[in-house]
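Colleague: Please pick one residue in this model and take a close look at it. After that, walk me through the other local details worth pointing at, with your cut-offs spelled out as you go.

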Amino acid sequence: MTEVAPRSQFLSLHVLETLVAVLPVRDENGSPKSLVYGGVERHMISSQARRRAERVHARDRANAGVGALAGRSTGLRTREWALITAKSLADEHGWDKDEAVVTARAVIEATGLKFGDPAKKTVANLTKVLLFAPSDAGTRIATRIHEHAEELRAWRDDYLRVQAESGKKTARRGARTSEPDPTPEEAGGTAEAALPALPKQHRDAVLFAIAPRDAIDIALYGRFLAEIADSPNVDGAVQSSHAFTVQEAEQVDDFYAAADDAKLHRKRNALDFLDSADDAGAGMTGYQSLISGTFYRHAVLDRVQLLSNLRAAGMTETEAAGAASDAEKEFVNAFVEAFPEAKKNSTASTGSLPALVLAFEGVRPYNYAAAFQRPIDEGPVRRSEESPTGTVGEGPAGPAAVRRLLDHHAFVSARRPDLRTARVLTYDPQIDAVLQEHVAAGRVDVTSVTAIEELAQ
């Protein structure tokens with residue numbers, strides 16, 4: 001019987017993908033994000049945009065009963081937990097909608113989460129921070145409230161009364177700005193101290209509902225919640241870097257004109273040229289920036305951290321091992337398949353497939369961004385002795401980047417004996433030819449695979 005070698009702690013993933021006329025992420029001015037590396041500007045796709053696309057991709061597949069995580073618990077990152085809880089109270093337990101919202105907000109707020117300004121309807125029932133919690137947290141909180149409705153209604157009324165009185169005192173003190181602030185004894189204590197505390201057994205139930213529990217995507221990507229000290233944070237098992245172009249940034253400002261259907265209809269049916277002139281011109285015009293290039297991106301899965309997170313969620317060692325294996329498969333799938341959806345309907349960017357995926361294991365993470373510190377020169381390939389300046393064009397960025405990445409990996413592998421089980425996947429026939437050329441020449445030792453599932457085994 002063949003022994004299976006133990007797996008290393010870290011699974012490193014590297015992708016090269018060529019994108020044409022897209023705008024997957026933008027800065028605060030609506031322009032493409034960029035960075036300077038190797039002395040030139042590069043286009044960038046931020047790691048947070050990539051991570052969200054991957055997390056949502058995996059969650060949607062799991063909820064649809066597809067993929068390795070089918071049927072497993074996943075998380076939801078939102079500010080709307082009070083509204084979600086209120087909806088569950090109204091739909092499943094028959095509460096009045098207005099009472100449900102007020103009660104849900106009071107219970108969650110008393111647990112420790114801060115909410116928006118009550119005077120502003122748009123944010124009054126939204127938490128100030130995004131909370132990443134299991135998707136059934138709102139249902140669990142609603143069930144708790146309904147099961148102890150009489151007790152919690154009495155507590156809620158007292159809580160809201162004291163809160164309203166404290167708000168009035170604060171408003172009066174604000175109006176008398178020339179007077180010194182009263183001492184705590186004069187004011188009857190601070191507003192926070194005067195608020196009735198949520199009974200411990202109910203607060204513990206809410207904390208359990210919003211705890212990471214067995215949500216696989218929280219174990220993978222982690223979460224940070226500073227507002228509630230006794231609600232556990234999670235160090236994510238996934239490390240991601242920003243994607244950047246291997247060549248200098250290429251950008252075009254695309255002018256567009258949008259037609260007004262009603263105006264064109266009138267123009268076509270105009271009785272004379274004067275009526276037609278009134279409907280001349282486009283309905284709307286503008287500019288949008290579009291970028292093109294071959295991007296390098298990188299991510300690492302820490303298998304030990306993933307197991308630790310799952311065990312901390314209450315799983316047995318056997319359960320955690322099974323869940324970790326499923327999570328790894330889905331993480332690799334999402335890393336390869338998912339793509340940020342900005343401008344997807346006008347650029348079809350989500351249809352892009354990677355030119356090359358390289359996966360391998362090691363005792364530490366490995367980032368190969370240094371392979372592209374010198375930007376790729378897409379000029380014609382020519383022999384160095386024929387180039388008076390000493391620069392040699394590398395041809396199209398896609399194949400050139402693959403050659404660099406494979407050469408870089410071969411060089412590092414010769415010096416780092418922990419690197420093993422290197423696998424590559426390509427969806428591009430010209431890239432496959434480059435790969436076979438390297439393997440045949442003995443310049444790189446990798447196994448070519450034809451399915452995502454084979455990248456990590």
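Modeller: Let's start with T421, which is partly exposed at a relative accessible area of 31%. That label covers the middle range: buried means under 20% relative accessible area, exposed means over 50%, and partly exposed is what lies in between, with a 1.4 Å probe and protein chains only. Before going further, the provenance: this is a predicted model, so local features need pLDDT of at least 70 and side-chain atom pairs count only at pLDDT 80 or more, while totals for chains, interfaces and linings use all residues. Residues are numbered from 1 along each chain as its sequence is written, and side-chain values use heavy atoms, with hydrogens and water left out.

Back to T421, which sits in strand 11 (residues 420–425). Strands here are DSSP runs of E, at least two residues long, and helices are runs of H or I, at least four, numbered from the N terminus. What catches the eye is the backbone: phi of T421 is near 50 degrees, a positive value in a residue other than glycine. Most residues other than glycine have a negative phi. A21 has a positive phi too, about 50 degrees, and is not a glycine either. You'll find A21 in strand 1, partly exposed at 31% relative accessibility.

Strand 1 (10–22) also leads us to P32, which lies in the loop between strand 1 and strand 2 (34–37). P32 is buried, at a relative accessible area of 9%. Its company is mixed: setting aside neighbours within four places in sequence, P32 is in contact (heavy atoms within 4.5 Å) with L23, V25, D27, H43, Q251, S289 and I291. P32 also pairs up in space with L290: they are 258 residues apart in sequence, but their C-alpha atoms are 7.6 Å apart. Over the whole protein, 76% of the contacts between residues at least 6 apart in sequence join residues at least 24 apart.

For another buried spot, try S88 in helix 2 (residues 81–93). S88 has a relative accessible area of 5%, so it counts as buried. Beyond four places in sequence, S88 is in contact with H93, G138, T139 and A142.

Now the charges. Side chains of opposite charge can pair when their charged atoms come close. The rule I use for a salt bridge is a side-chain nitrogen of Lys or Arg within 4 Å of a carboxyl oxygen of Asp or Glu, and by that rule the count comes to 26. One of them joins D158 and R161, at 2.4 Å from N to O. D158 and R161 both lie in helix 5 (residues 149–175), three residues apart, which is about one turn of the helix. D158 is partly exposed at 30%, and R161 is partly exposed at 43%.

A second bridge links E394 and R374, at 3.4 Å from N to O. E394 and R374 each lie in the loop between strand 10 and helix 15, so the pair ties together parts that are 20 residues apart in sequence. The two ends have unlike surroundings: E394 is buried at 17%, whereas R374 counts as exposed at 53%.

Then there's R443 with E437, whose closest N and O atoms are 3.2 Å apart. R443 is partly exposed at 37%, and E437 is partly exposed at 39%. Elsewhere, salt bridges that share partners join R7, R303, E328, E361 and R420 into one network.

Some acidic residues gather instead: E41, E248, E250, D377 and E378 form a patch of negative charge on the surface. Patches are made of residues with over 30% relative accessible area and no salt bridge, joining like charges within 9 Å, or nonpolar side chains (Val, Leu, Ile, Met, Phe, Trp, Tyr) within 5 Å. Lys and Arg count as positive, Asp and Glu as negative, and His and the chain ends are not counted. Each charge is placed at NZ of Lys, CZ of Arg, CG of Asp or CD of Glu. From that patch, E378 sits in the loop between strand 10 (356–362) and helix 15 (397–413), partly exposed at 35%.

For the overall frame, the protein has 16 helices and 12 strands, and 43% of its 457 residues count as buried. It exposes about 23600 Å², of which carbon and sulfur atoms supply 52%; the areas come from the Shrake-Rupley method with a 1.4 Å probe, and for residues only the protein chains shown count as cover.
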